[in-house]
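Got the viewer open? Let's take a walk through this one together, picking things out as we go.

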Amino acid sequence: MKKVALVTGSSRGIGRAVAYQLAHEGYAVCINYIERKDKADELVAQLKSKGCEAIAVQADVADRAAVNAMVKKTEEAFGSVTLLVNNAGVAGQALFQDVTDEMWNRYFSVNLNGMRHTIQAVLPGMLHEKAGSIVNISSMWGEVGASCEVAYSASKAGLIGMTKALAKELGPSGIRVNAICPGFTNTDLSQFIPKDQFDYINNQMPLGRFGEPIEVGALAVYFASPAAAQVTGTAQVIDGGYILSC
């Protein structure tokens, strides 16, 4: 059966690294984006130049109709999705008393409802084949919580709960569901961290450095591989040991 991956939020950062590595592992990949068409198209061109199969599709995962249309385009191009990586997400900081309904609803619409939309859209094909892998990108804050990031932490904790529950429900159908919980990672957003704070965070990590998107990508590849055929329902933290000090 052809290996087909849909990676949400994959024009930049961790999602981009995941999609890049999956394409080089033989997956036909759908690169999903919401705004950065230029980055998505750039990645598709790069992958195609190396003989990989890839398409870019715009969709806000909070919009069920848009998600269904994206999955349909992917299936028309490559066939049924065999691997879904739910990476799209929103993050930010605010005191809890300052979190508006709009902010709260957007976090849950993207981080949690988006996952529900994508999984429900690809499930018919996976259930028909009695096979498939779903990898959900959560966060270390979904495990331990973060001050001034209550909405984000709550939505990512919910994602972990959904992962474990779905692993139980879908396991008898041959579908595995796992989560990855990255810590501080070198992406575009990390460039805005003041140097003194950046150095302080590094000093709190037993491994002494921020993670790299490619390292999260490698873990996603592992979860999708035959080597992880007996692995489901896990929430693997990849944070350089940072939460040991939390």
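How far apart are the mean positions of the positive and negative charges of the protein chain? They are 6 Å apart, taken over 21 positive and 23 negative charges. Keep in mind that this is a predicted model.

**The whole chain**

Start with everything shown as a cartoon. You should be able to pick out 8 helices and 7 strands. Along the principal axes, the C-alpha atoms fill a box of roughly 50 × 40 × 35 Å. The radius of gyration is 17 Å, which agrees with the value near 18 Å that a compact globule of 246 residues would have.

Now switch on the surface. About 11600 Å² is exposed, and carbon and sulfur atoms supply 53% of that. Buried residues make up 48% of the chain. If you look at contacts between residues with a separation of 6 or more, 72% come from residues 24 or more positions apart.

**Into the strands**

Hide the surface and select β2, residues 28–33. Is this strand enclosed or open? All 6 of its 6 residues are buried, so β2 is largely enclosed by the rest of the structure. Show the side chains: Ala-28, Cys-30 and Asn-32 point one way, while Val-29, Ile-31 and Tyr-33 point the other.

Next, add β1, residues 4–7. β1 and β2 pair in the parallel sense, over 4 bridges. Click on Leu-6 and you will find Cys-30 of β2 standing opposite. Leu-6 also stands opposite Leu-84 in β4, so to speak a handy stepping stone to our next stop.Select β4, residues 83–86. Leu-83 and Val-85 point one way and Leu-84 and Asn-86 the other, and all of these are buried. β4 runs parallel to β1, joined by 3 bridges. β4 is also joined to β5, residues 132–137, by 4 bridges, and this pair runs parallel as well. Here Leu-84 stands opposite Ile-134 in β5.

**A buried arginine**

Move to helix α1, residues 13–24, and zoom in on Arg-16. Is Arg-16 buried or exposed? Arg-16 has a relative accessible area of 18%, so it counts as buried. To see what surrounds Arg-16, show the residues it touches beyond four places away in sequence: Ser-10, Ser-11, Lys-39, Glu-42, Leu-43 and Gln-46.

**The end of α4 and beyond**

Now find Leu-127 in helix α4, residues 101–129. Leu-127 is partly exposed, because its relative accessibility is 36%. Which residues does Leu-127 touch, leaving out those up to four places away in sequence? They are Leu-170, Ser-173 and Ile-175. For a distance check, draw a line from Leu-127 to Ala-62: the C-alpha atoms are 23 Å apart, and the two residues are 65 apart in sequence.

Step along to Lys-130, in the loop between α4 and β5. Its phi is near 55 degrees, a positive value in a residue other than glycine. Lys-130 is exposed, at 57% relative accessible area.

**Last stop**

Finish at Cys-148, in the loop between α5 (141–144) and α6 (150–170). Cys-148 is not a glycine, yet it has a positive phi of about 70 degrees. With a relative accessible area of 29%, Cys-148 is partly exposed.

Methods
Residues are numbered from 1 along each chain as its sequence is written. This is a predicted model: local features need pLDDT of at least 70, side-chain atom pairs count only at pLDDT 80 or more; totals for chains, interfaces and linings use all residues. Side-chain values use heavy atoms; hydrogens and water are left out. Helices (H or I, at least four residues) and strands (E, at least two) are DSSP runs, numbered from the N terminus. The radius of gyration is taken over C-alpha atoms; the globule rule is 2.2 Å times the number of residues to the power 0.38. Buried means under 20% relative accessible area, exposed over 50%, partly exposed in between (1.4 Å probe, protein chains only). Contact means heavy atoms within 4.5 Å. Accessible areas come from the Shrake-Rupley method with a 1.4 Å probe; for residues, only the protein chains shown count as cover. Lys and Arg count as positive and Asp and Glu as negative; His and the chain ends are not counted. The place of a charge is taken as NZ of Lys, CZ of Arg, CG of Asp or CD of Glu. Two strands pair if DSSP finds at least two bridges between them.
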